[in-house]
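Hi,

Here is the structure I promised to pass on to you. Have a look at it first, and then read my notes below.

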Amino acid sequence: MDQKQSELIDKIKSLKEQLTEMQNQYWQLYSNMGTWQFWVILLMFTLPLVALYFLIDRRKMLLLGFYGFNIHIWFGYINVWGYNRGLWEYPYELVPFLPGNLALDASLIPVLFMLVYQWTLNHRKNYYLYTLGLSAFLSFIFKPFLVAVHLFELDKGTTYIHLFIAYCVIFLFSKLITSIFLKMQKS
């Protein structure tokens with residue numbers, strides 16, 4: 001590594017450390033356990049996991065868990081990508097050291113998709129139709145509600161249509177990966 005590259009890496013590291021410190025300060029001032037927003041986000045994290053514990057079809061638990069993990073990973077990647085580019089913002093977070101919204105990335109969104117997937121499997125319904133409906137609900141009802149209560153912000157021209165497309169890409173890709181693994185398991 002040459003000196004120019006090393007200096008740039010050191011500068012990036014320093015800026016990341018400064019940003020982390022600023023995020024911690026912001027969380028302590030505006031997003032801590034003394035705010036109602038913290039408790040709402042904590043509920044969005046815990047309630048879906050509790051509901052999943054009671055509602056998941058234990059006969060299909062591994063399949064549903066694999067699918068939900070796919071949703072979690074891809075949603076998390078897209079969320080961090082948009083967050084880092086300033087396309088959207090979560091003014092309140094559960095923990096200051098993880099960007100985005102842990103309650104949505106790791107709990108609420110994956111659990112909702114898992115339960116819809118489970119329902120379509122158990123009732124022989126069209127997976128694509130119902131997950132498309134869930135994506136529309138999340139994009140055009142749930143996210144605008146989060147914006148209205150200042151738990152989410154859209155920036156740089158990002159629209160709810162963009163969010164809808166992202167949800168569709170996520171559920172299609174997650175289903176594709178799950179189907180590939182199911183096929184591989186059977187062969």
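Helices here are DSSP runs of H or I with at least four residues, and strands are runs of E with at least two, numbered from the N terminus. This is a predicted model, in which local features need pLDDT of at least 70 and side-chain atom pairs count only at pLDDT 80 or more, while totals for chains, interfaces and linings use all residues. Residues are numbered from 1 along each chain as its sequence is written, and side-chain values use heavy atoms, leaving out hydrogens and water.

Let's start with helix H5. H5 covers residues 127-148, and just after H5 comes His150, with a positive phi near 65 degrees. At the other end, Asn126 caps the N-terminal end of H5, with a side-chain oxygen 2.9 Å from the backbone nitrogen of Tyr128.

Several residues of H5 are buried (under 20% relative accessible area with a 1.4 Å probe, protein chains only), among them Tyr127, Leu138 and Lys143. The buried residues of H5 pack against helices H2 (36-55), H3 (61-84), H4 (102-122) and H6 (160-186), where contact means heavy atoms within 4.5 Å.

Now for the empty space. A cavity is a set of points, on a 1 Å grid over the protein atoms alone, where a 1.4 Å probe fits but cannot get out; lining residues have an atom within 4 Å of a point. The lining of the largest cavity includes Phe75, Trp88, Lys143 and Tyr167. H3 and H6 are the elements that give two or more residues to this lining, and H6 gives the most, with four.

Enjoy exploring!

How values were computed: The expected span of a helix is 1.5 Å times one less than its number of residues. Buried means under 20% relative accessible area, exposed over 50%, partly exposed in between (1.4 Å probe, protein chains only). A polar contact is a pair of N or O atoms within 3.5 Å; within protein, one must be able to donate a hydrogen and the other to accept it, and residues adjacent in sequence count only if both atoms are side-chain atoms. On a 1 Å grid over the protein atoms alone, a cavity is a set of points where a 1.4 Å probe fits but cannot get out, and a pocket is an open set with protein on both sides within 12 Å along at least five of seven lines; lining residues have an atom within 4 Å of a point.
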